[in-house]
Amino acid sequence: MTSAARASDPAPASNRTSAVPAPGDRCPCLSGETYAGCCGRYHSGAGNAPTAEALMRSRYSAFAVGDQPYLLRTWHPSTRPDRLELDGDLQWRRLDIVETSAGGPLDGQGVVRFRAHYRDGAARGIQEETSRFVRVDGVWLYLDGE
Ligand SMILES: [Zn+2]
């Protein structure tokens, strides 16, 4: 972000997690692609994540940009919460995919182990989780994690 853009941005710092990246910004999942060419096309509904890992990345990015509707609609109905509150103080900084099992375009289920790095004020932390995904009518959904 340029200083000019920052100066003209009326959003207070505490609202930054709800700021959606510009299409040409790098994707929050740090794939190296632009937001529009990576998770942004799934968030917008232009396409569905083709693999469990792609869904995992797009859900991480949804946490990073504050896209609750995307998180809810990619959550399996059997485990989906009625509503979701995101902690606006958390800044998601980096995603590491540790291991994936199945979850390909022809699989019915998949498992992705990841580490998500965040900053909470001055503190840093890592959320490590093994997430399970299922494919329903060709669409990958998050089932649960531990
Ligand atoms: Zn991405």
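User: Which residue in β4 does Phe133 stand opposite?
Analyst: In this predicted model, residues are numbered from 1 along each chain as its sequence is written. Strands β3 and β4 run antiparallel and are joined by six bridges; helices (H or I, at least four residues) and strands (E, at least two) are DSSP runs numbered from the N terminus, and two strands pair if DSSP finds at least two bridges between them. Within this pair, the residue opposite Phe133 is Tyr142.

User: Over which residues is the pLDDT below 50?
Analyst: Because the model is predicted, local features need a pLDDT of at least 70 and side-chain atom pairs count only at 80 or more, whereas totals for chains, interfaces and linings use all residues. The protein chain averages a pLDDT of 89 (the predictor's confidence in each residue, from 0 to 100), with 88% of the residues scoring at least 70. Confidence is highest in strand β4 (residues 139–145), at a mean of 98, and lowest in helix α1 (residues 3–8), at 42. The pLDDT falls below 50 over a stretch that has eight contacts beyond near neighbours in sequence, namely residues 1–17.

User: How should coordinates be read where pLDDT is low, and what share of the residues scores at least 70?
Analyst: Where pLDDT is low, the predicted coordinates should not be read in detail. In the protein chain, the share scoring at least 70 is 88%.

User: Which strands stand at the edges of the sheet?
Analyst: The four strands form an open sheet with antiparallel pairing, in the order β1-β2-β3-β4. Two of these strands each have a single partner, so one side of each is left without a neighbour in the sheet; they are β1 (90–102) and β4.

User: What angle does the direction of helix α3 make with that of β1?
Analyst: Within the sheet, twelve bridges join β2 (residues 109–120) to β3 (residues 123–136), and these strands run antiparallel. Helix α3 (residues 52–65) packs on the sheet and touches β1, β2, β3 and β4, where contact requires C-beta atoms, placed from the backbone, to lie within 7 Å. Axes are lines fitted to C-alpha atoms, for helices over the stretch in contact, with angles running from 0 to 180 degrees between N-to-C directions; on that basis the direction of α3 makes an angle with that of β1 of about 170 degrees.

User: How many residues of the largest nonpolar core come from α3?
Analyst: A nonpolar core is a set of buried Ala, Val, Leu, Ile, Met, Phe, Trp, Tyr and Cys residues joined through C-beta atoms within 7 Å, and in the largest one, of 26 residues, Leu55, Tyr60 and Phe133 touch the most other members. At least two residues are supplied by each of α3, β1, β2 and β4. The largest share, that of α3, is nine residues.

User: How many of the 14 residues of α3 are buried?
Analyst: The 14 residues should span 20 Å at 1.5 Å a residue (multiplied by one less than the number of residues), and the end C-alpha atoms are 20 Å apart, which agrees. A residue is buried if 20 or more other C-beta atoms lie within 10 Å of its own, exposed if 12 or fewer, and partly exposed in between, with C-beta atoms placed from the backbone. Helix α3 is mostly covered, and its buried residues number 13.

User: Is Asp82 buried or exposed?
Analyst: Asp82 lies in the loop between α4 (68–73) and β1. With 5 other C-beta atoms within 10 Å, Asp82 is exposed.

Notes: Two residues are in contact if their C-beta atoms, placed from the backbone, lie within 7 Å.
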